[in-house]
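Biologist: I am new to this structure. Could you show me how to read it, one feature at a time?

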Amino acid sequence: MENNEMLESAILEKLENDLDRLIMTYLTLWINLESLHESEETEILDKLLLKIQLNLFSLSVLLKGSKYKNLDNIYDIPSIFTLSRTLIENYLTIEYLFVIKNKDLKYTTREERIKSYKFAGYKNCKQIANILKDSKFEKEIADILEKLELEIDVILEKLENVKKKDFIKPRMGCNWNYLIEKSKLNTKLYKSRWKIFQTMLILNICIMKG
Amino acid sequence: MENFSNYAHSEYMYNEGINEYISNPKALVGRKMCYNVAGVIISQLIVIILELFPEILKDKYKELEIEKRNLVSAYNMLNDEL
């Protein structure tokens with residue numbers, strides 16, 4: 001039993017060190033990506049990379065265990081799972097926008113995917129502005145959406161058999177399972193991990209019950 | 001006094017409950033899995049960045065090429081561990 005505990009602790013320490021090393025390498029790369037500010041496309045990539053960084057920092061902290069008053073080593077598994085899922089979704093969004101080949105997404109080019117992604121994002125912002133009753137913010141978003149809609153109409157004129165309502169759906173209607181299959185994460189093992197995250201609520205309950 | 005005793009008792013019960021939860025062995029499995037997931041994602045992300053921006057390798061950061069090779073092997077290793 002004692003040997004098992006030592007082994008588990010050595011594995012965790014190795015995983016912790018590997019993750020820290022990977023995060024540092026990633027940060028070195030990101031800091032040196034001067035070309036990220038050259039175009040609209042790469043600015044979106046920059047924002048997504050930043051989101052992933054924040055995910056990783058928080059995940060790394062939670063995985064090491066936190067402390068509250070007299071309670072040590074708190075492993076907030078529900079939050080760890082939620083953050084892991086967000087990390088995968090942000091990663092898949094990067095693959096969807098910048099890596100997946102056009103033929104795998106039927107008809108769209110990278111530029112078109114980015115337009116659609118922006119439109120879906122600003123549409124969400126408009127709903128938030130509406131809930132907050134911030135009329136100035138709402139007007140700003142409405143102006144951006146109007147401009148984007150004109151650009152999308154020009155794109156749709158060239159595309160056959162594509163309906164506007166489908167084009168402006170988040171990720172043009174591609175679900176996460178489909179994106180996993182088309183991504184670099186398309187391995188049997190990873191797909192099973194993804195299924196766990198999809199059903200994480202059930203698993204969390206199981207963990208709580210022991 | 002009785003109220004205080006009740007309060008102390010319920011606090012003790014709460015701590016016992018949460019301690020049982022946080023030290024549950026299944027939490028360890030979850031942590032290991034999430035370490036692996038984060039490791040795989042970040043390794044792939046680094047490879048993607050290097051593919052999208054090959055100039056990083058060409059210019060002043062040639063040493064990253066070696067790191068890239070290490071990362072790919074780290075990624076394979078993580079997959080093996082999974």
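Modeller: We will take confidence, then chain B, then the core, then a pair of helices.

Biologist: What are the mean pLDDT of chain A and the share of its residues that reach 70 or more?

Modeller: This is a predicted model, and confidence comes before any other feature. For chain A the mean pLDDT is 82, and 89% of the residues reach 70 or more. A weak stretch is residues 205-210 of chain A, where pLDDT stays under 50. The model has 7 contacts beyond four places in sequence for that stretch.

Biologist: And what is the mean pLDDT of chain B?

Modeller: It is 65, with 35% of the residues of chain B at 70 or more. Within chain B, helix H1 (residues 2-22) has the lowest confidence, a mean of 54, while H2(B) has the highest, at 82. For the complex, the predictor gives an ipTM of 0.80 and a pTM of 0.79.

Biologist: How many helices and strands are there in chain B?

Modeller: Chain B has 4 helices and 0 strands. Read from the N terminus, its elements run α-α-α-α. The chain has 82 residues, of which 29% count as buried.

Biologist: How should I read a nonpolar core, and which residues have the most contacts inside the largest one?

Modeller: In soluble globular proteins, nonpolar side chains tend to be buried together. Here the largest nonpolar core has 41 residues, and A:Leu59, A:Leu87, B:Ala38 and B:Ile41 have the most contacts inside it. Helices H1 (2-31), H2 (40-64), H3 (77-99), H7 (176-182) and H8 (188-198) of chain A each give two or more residues to this core, as does helix H2 (25-52) of chain B. H2(B) gives the most, with 11 residues.

Biologist: Which residues is B:Ala38 in contact with, leaving aside its neighbours within four places in sequence?

Modeller: B:Ala38 is in contact with A:Leu19, A:Leu56, A:Leu59, A:Ser84 and A:Leu87.

Biologist: How is a pair of packed helices described?

Modeller: Two packed helices are described by the angle between their axes and the distance between the axes. Take H3(A) and helix H4 (residues 110-132) of chain A: their axes come within 8 Å and cross at roughly 135°. The two helices are therefore oblique to each other.

Biologist: Which residues meet between H3(A) and H4(A)?

Modeller: From H3(A) come A:Tyr96, A:Leu97 and A:Phe98, and from H4(A) come A:Arg110, A:Arg113, A:Ile114 and A:Tyr117. The residues of this contact divide into 5 nonpolar, 2 charged and no polar.

Note on methods:
Residues numbered from 1 in each chain as written. Chains lettered and ligands numbered in written order. Predicted model: local features only at pLDDT ≥ 70, side-chain atom pairs only at ≥ 80, totals over all residues. Core = buried A, V, L, I, M, F, W, Y, C linked by C-beta atoms within 7 Å. Buried ≥ 20, exposed ≤ 12 C-beta atoms within 10 Å, placed from the backbone. Contact = placed C-beta atoms within 7 Å. Axes fitted to C-alpha atoms, helices over the stretch in contact; angles between N-to-C directions. Parallel < 35°, antiparallel > 145°, perpendicular 65-115°, else oblique. Nonpolar A, V, L, I, M, F, W, Y, C, P; charged D, E, K, R; others polar. pLDDT = per-residue confidence, 0-100.
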